[in-house]
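Good morning, and thank you for making time for this item. I would ask you to look at the sequence and the model on the screen before I begin.

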Amino acid sequence: MSVPLADRVIQLAYDPGITPKGGGLPGLAVLKNVVNSINMFGIIAVVGALAVSLGVWAWGHHTGGHQAEANGKKGAVVAVGAALGLGAANGIVAFFSGLGSQVH
């Protein structure tokens, strides 16, 4: 028995009615606390990495070590990028989640 094309398209467009809901599972507050702690640990590690990278950059510049200077610059750029990513993680996820919820 063949199903008409229009009926197949309607079946593909069926909305199952699933949306994110806070408080649906036990332990959600604990999970949020763990993720917040991991984010804070990452930010503290990035501050340390940035300090070390800037020190290597300065040391390489003043001693004429071009390789050390280049590595210090790369480390500083990576640390700044990581700080940007860690700080913007919540907003990035919220943005794309909102964007994804608009898909019909």
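I shall go through the overall fold, then the surface, and then a few individual residues.

Please note that this is a predicted model, in which local features need pLDDT of at least 70 and side-chain atom pairs count only at pLDDT 80 or more, while totals for chains, interfaces and linings use all residues. Residues are numbered from 1 along each chain as its sequence is written, and side-chain values use heavy atoms, with hydrogens and water left out.

Let me begin with the fold. The protein chain contains three helices and zero strands, where helices (H or I, at least four residues) and strands (E, at least two) are DSSP runs numbered from the N terminus. Read from the N terminus on, the order of elements is α-α-α. Two of the helices concern us today: helix α2, which covers residues 28–63, and helix α3, which covers residues 66–101.

How much of the protein chain counts as buried? The figure is 10% of the 104 residues; here buried means under 20% relative accessible area, exposed means over 50%, and partly exposed lies in between, with a 1.4 Å probe and protein chains only. The accessible surface of the protein chain is about 8,600 Å², and carbon and sulfur atoms account for 71% of that surface. These areas come from the Shrake-Rupley method with a 1.4 Å probe; for residues, only the protein chains shown count as cover.

On the surface, Met40, Ile43, Ile44 and Val47 make a nonpolar patch of about 380 Å². Patches consist of residues with over 30% relative accessible area and no salt bridge, with like charges joined within 9 Å and nonpolar side chains (Val, Leu, Ile, Met, Phe, Trp, Tyr) within 5 Å. One member, Ile43, lies in helix α2 and is partly exposed, its relative accessible area being 35%.

I turn now to buried positions. Ser53, in helix α2, counts as buried because its relative accessibility is 12%. Apart from residues up to four places away in sequence, Ser53 touches Gly72, Gly75 and Ala76, contact meaning heavy atoms within 4.5 Å.

In helix α3 we find Ala68, which is buried at 15% relative accessibility. With residues up to four places away in sequence set aside, Ala68 touches Val56, Trp57, Trp59 and Gly60. The C-alpha atoms of Ala68 and Gly55 are 10.0 Å from one another, and these residues are 13 apart along the chain.

Glu69 belongs to helix α3 as well, and at 15% relative accessibility it is buried. Beyond its neighbours within four places in sequence, Glu69 is in contact with Trp57, Gly60 and His61.

Which side chain meets that of Glu69 in a salt bridge? The partner is Lys73, at 4.0 Å from N to O. A salt bridge is a side-chain nitrogen of Lys or Arg within 4 Å of a carboxyl oxygen of Asp or Glu, and the structure holds one. Side chains of opposite charge can pair when their charged atoms come close. Lys73 and Glu69 are four residues apart in helix α3, so about one helical turn separates them. Lys73 is partly exposed, at 38% relative accessibility, whereas Glu69 is buried.

Finally, the aromatic rings. The whole structure yields one aromatic pair. Phe95 and Phe96 form this pair, which is edge-to-face, at 5.0 Å centre to centre with 80° between the planes. Rings of Phe, Tyr and Trp (its six-membered ring) pair if their centres lie within 6.5 Å, and planes under 30 degrees apart count as stacked, over 60 as edge-to-face and the rest as tilted. Both Phe95 and Phe96 are exposed.
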